[in-house]
Amino acid sequence: MPEPILTIKNLTKKYGENVIFQHLDLTVNEGDTIVIIGPSGTGKSTLLRCINLLTRPDEGQIWLDDMEITAKDCDEDQVRQHIGMVFQNFLLFNHLTALGNVKLGLSKVKKMSDEAATEKAMHELARVGLADRADHYPGQLSGGQQQRVGIARALAMDPRIMLFDEPTSALDPELIGEVLEVMRQLALDGMTMLVVTHEMGFAREVADRIVFMEKGYIVEEGSPDEMFNHPKFPRTREFLWKITELYGKKETDTN
Amino acid sequence: MDFGQFISYIASGTVYTVGVTLIALPSGLLIGTILALLYVYGGKAAARVMNLYSTVFRGIPPLVLLFILFFAVTRGINLSAFWAGSLSLGIVSSAYQMEIVRGALLSVSGDQLMAARAIGMSRLQSIRYVVLPQAVRLAIPPWSNEAAIVIKDSSLVYALGVPEILRRAQLIGASSQRYLLAYLSAAVIYFLLVFGTTRLLAVLEKKLTIPSNP
Amino acid sequence: MLTWLGYFERFGQNFLRGAGVTLELTAVGLAIGFVLGLFLALARSYGPKWLQQVAGAYIAVFRGTPLLVQLFIIYYGLPEIGIAFSQNLAAYLALGLNSAAYQAEYLRGSINAIGSAQMQAGRSIGLSKWQTIFYVILPQALRLALPSWSNEPISLLKTTAIVFLIAVQDLMAEGKRAATATFDFVGVYLAVAVVYLVMVFVLDALLKFVERKTKIPGMDIETSR
Ligand SMILES: Nc1ncnc2c1ncn2[C@@H]1O[C@H](COP(=O)(O)OP(=O)(O)OP(=O)(O)O)[C@@H](O)[C@H]1O
Ligand SMILES: [Mg+2]
């Protein structure tokens, strides 16, 4: 029986009058990779930011394991340590080297000694294949390398779950593969991941479930086979067609 | 009196000019930074107050503000013209330095702050370790400009009787009846101070530049 | 506590007269500064090498030394070599010469932003170099410079406050007279500060208005930010 790591119940988010999503339910089990797809502006990024408490939902609850993180008395900073986040535009700390980026949370949040933090950070950099770039600044790294440092930075905190917000959509086509490869390896290692992406090759191969979101609702979710081959709703089929056509070229590159 | 004595009399005012600057500039930076942090991270009410402070203080001629502060301060406490003048200039400068720091904070903040919070750093830690180190670098060029302004504005304490470069030029100009030479000498010294300072800060800026590929 | 408000009643006439002189100083200084500043900017960007260097040195020197020193050189120093000005004339000159250096920098910034592409475009339709400068580059550059240039009138208005030190009868001089009459320096200068603030705010609103009115659609002015 798989254990749910993340449980979302009845989640609603508004910006002023503008309802981004409403009454949303989603469960992520330990070790699962969930891919979220959907047109622009449907609230995918907002959902991830709610899960990481970077913005507050208006209604509903989120549990991380047994802890309700939307509870009033919940320590946000504590929660965020356990939820890794990877951003579309990397958002590395520009004034720090790759090593410094990965180390910062370890020394300041986890209060590890400099030595221990360095060792752990180097381990994470090696994991994303960048041990030899440790002393490079973000400005000296390619986009793909920057994103891998971003992944290492999140991994270093030993999160229960990793959130990815379109991690490859700011990358040149030839750099997408290296990032997806790191993510695929993570999934194989048993990391629990919630990924917003339009890389259908990745979704097909790695996802345990695909969630199709539109206009603030989850239209349909299912295994890659169900979603690609027997979708229940015409909208799902339509969207998957369009997206596969748009991103189809890259797919053949990366596989 | 020979030319050497003439010049060195004026140049000895440099101690006061530099002194005024070294008090006014850092005190303005300290106040300005605190106010900027309040402006950016202190909520709506604080932002409104800081905005008023900035608008009013930057809307009044430095000389007028200097006089108000100087007479207000010396009415309350027994301070020398040098100290009262320097601190008053510091307060004048604080409004300008607040805007510099605020601009730098704003251009770093947003996303970088979010990324820092996302790995579990508190708001204060994020500002301290992620936003400020980057903001400082961005602030150097406009701050260098402000430093030059403060050096030049230090000549305003002339009006308070502090024996700085300009006052000494006036005194020796009067006694020797060679005003042109006296004031030209003063101009040269000021120019060297301003030029040297901005050069130094340009070197610092270059040193602190974060490496990146062209 | 608010006794200083009473000073407006007592010295209102004097303050108004002084404020008039202050505005006059600002206007004349700005005008001299604009004409000379424009010349300096053009000299720096398009002049022969030696003129570029002279213009550059002028700008560096006038921006690198206190206005007060420049004022004293003109008013107290120059008479020694036979060039004497009245107080007001010396003030106009010092403010204008000083402002020119700053205005030149604003203009040069926008001339550079317009750049060589427009020069090539102008030359390509057969305009001469100076025709291109006057009919193509300057109209755009002046408009482009307006947002940053509009700091200058306000900054100049504030710097005029120092010319009372050579006994020009501006607002500051009226303030000083009132202060010595009442012995309430803080109160009087507060009142004077309020008058300056009002002038600065009105001028600022005026400049913002002009900026909106002269906006060229689609021309981005925030390039330098
Ligand atoms: N801070 C905010 N304030 C107000 N509205 C916001 C804010 N952030 C996002 N929105 C709005 O919420 C809606 C959903 O945005 P979101 O970024 O979550 O969409 P998305 O599905 O991630 O789209 P994309 O594929 O473009 O990234 C958009 O209409 C956006 O304008
Ligand atoms: Mg998004």
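**Chain folds, interfaces and nonpolar cores of the predicted model**

In chain C of this predicted model, 75% of the contacts between residues at least 6 apart in sequence join residues at least 24 apart. The secondary structure of chain C consists of eight helices and zero strands, and its elements accordingly read α-α-α-α-α-α-α-α along the sequence. The C-alpha atoms of chain C fill a box of roughly 70 × 50 × 25 Å, taken along the principal axes. Chain C has 225 residues, of which 49% count as buried.

Chain B was described in the same terms. Eight helices and zero strands make up the secondary structure of chain B, with the elements running α-α-α-α-α-α-α-α from the N terminus on. A box of roughly 70 × 50 × 25 Å, taken along the principal axes, is filled by the C-alpha atoms of chain B. Of the 214 residues of chain B, 50% count as buried. Among the contacts in chain B between residues at least 6 apart in sequence, 75% join residues at least 24 apart.

The arrangement of the chains was examined next. Two pairs of chains are in contact, and chains B and C share the most contacts. Chain A and chain C, by contrast, do not touch, and their nearest C-alpha atoms are 20 Å apart.

The contact between chain C and chain B takes 33 residues from chain C and 33 residues from chain B. The size of an interface is often given as the accessible area lost when the parts come together. For chain C and chain B, the buried area is about 2,800 Å², and carbon and sulfur atoms give 80% of that area. One salt bridge is counted between chain C and chain B. Asp184(C) forms a salt bridge with Arg75(B), in which the closest N and O atoms are 3.7 Å apart. Six residue pairs between chain C and chain B are in polar contact, with both residues at pLDDT 80 or more. On the side of chain C that touches chain B, at least two residues each are supplied by α2 (49–64), α3 (67–77) and α8 of chain C. Helix α8(C) gives the most to this side, with ten residues. By class, the side of chain C that touches chain B divides into 26 nonpolar, three polar and four charged residues.

The interface of chain A and chain B was analysed in the same way. Here, 26 residues of chain A are in contact with 21 residues of chain B. About 2,100 Å² is buried between chain A and chain B, and 63% of this area comes from carbon and sulfur atoms. Phe93(A), His95(A) and Lys108(A) supply 27% of the area that chain A buries against chain B, more than any other three residues. The rule finds one salt bridge across the interface of chain A and chain B. Asp77(A) forms a salt bridge with Arg117(B), and the closest N and O atoms of this pair are 3.2 Å apart. Six residue pairs are found in polar contact across the interface of chain A and chain B, both residues being at pLDDT 80 or more. The elements α2 (76–81), β6 (83–86) and α3 (98–108) of chain A each supply at least two residues of the side of chain A that touches chain B. The largest share of that side, four residues, comes from α2(A). Eleven nonpolar, eight polar and seven charged residues make up the side of chain A that touches chain B.

Nonpolar cores were also identified. The largest nonpolar core has 96 residues, and those with the most contacts inside it are Ile10(B), Val64(B), Phe15(C), Leu68(C), Phe72(C) and Met172(C). Helix α8 (residues 185–213) of chain C contributes the largest share of this core, 13 residues. A second, separate core has 91 residues, including Leu64(A), Ala71(A), Leu96(A) and Val179(A). The surroundings of one residue of the largest core, Phe72(C), were then listed. With its neighbours within four places in sequence left aside, Phe72(C) is in contact with Tyr158(B), Leu166(B) and Tyr183(B) of chain B, and with Gly77(C), Leu165(C) and Ile166(C) of chain C.

Technical notes:
Residues numbered from 1 in each chain as written. Chains lettered and ligands numbered in written order. Predicted model: local features only at pLDDT ≥ 70, side-chain atom pairs only at ≥ 80, totals over all residues. Heavy atoms only, no water. Core = buried A, V, L, I, M, F, W, Y, C linked by side-chain atoms within 4.5 Å. Buried < 20%, exposed > 50% of the residue type's maximum accessible area, 1.4 Å probe, protein only. Contact = heavy atoms within 4.5 Å. Buried area = accessible area lost by both parts, 1.4 Å probe. Salt bridge = Lys/Arg side-chain N within 4 Å of Asp/Glu carboxyl O. Polar contact = N/O pair within 3.5 Å; in protein donor to acceptor, adjacent residues only side chain to side chain. Nonpolar A, V, L, I, M, F, W, Y, C, P; charged D, E, K, R; others polar.
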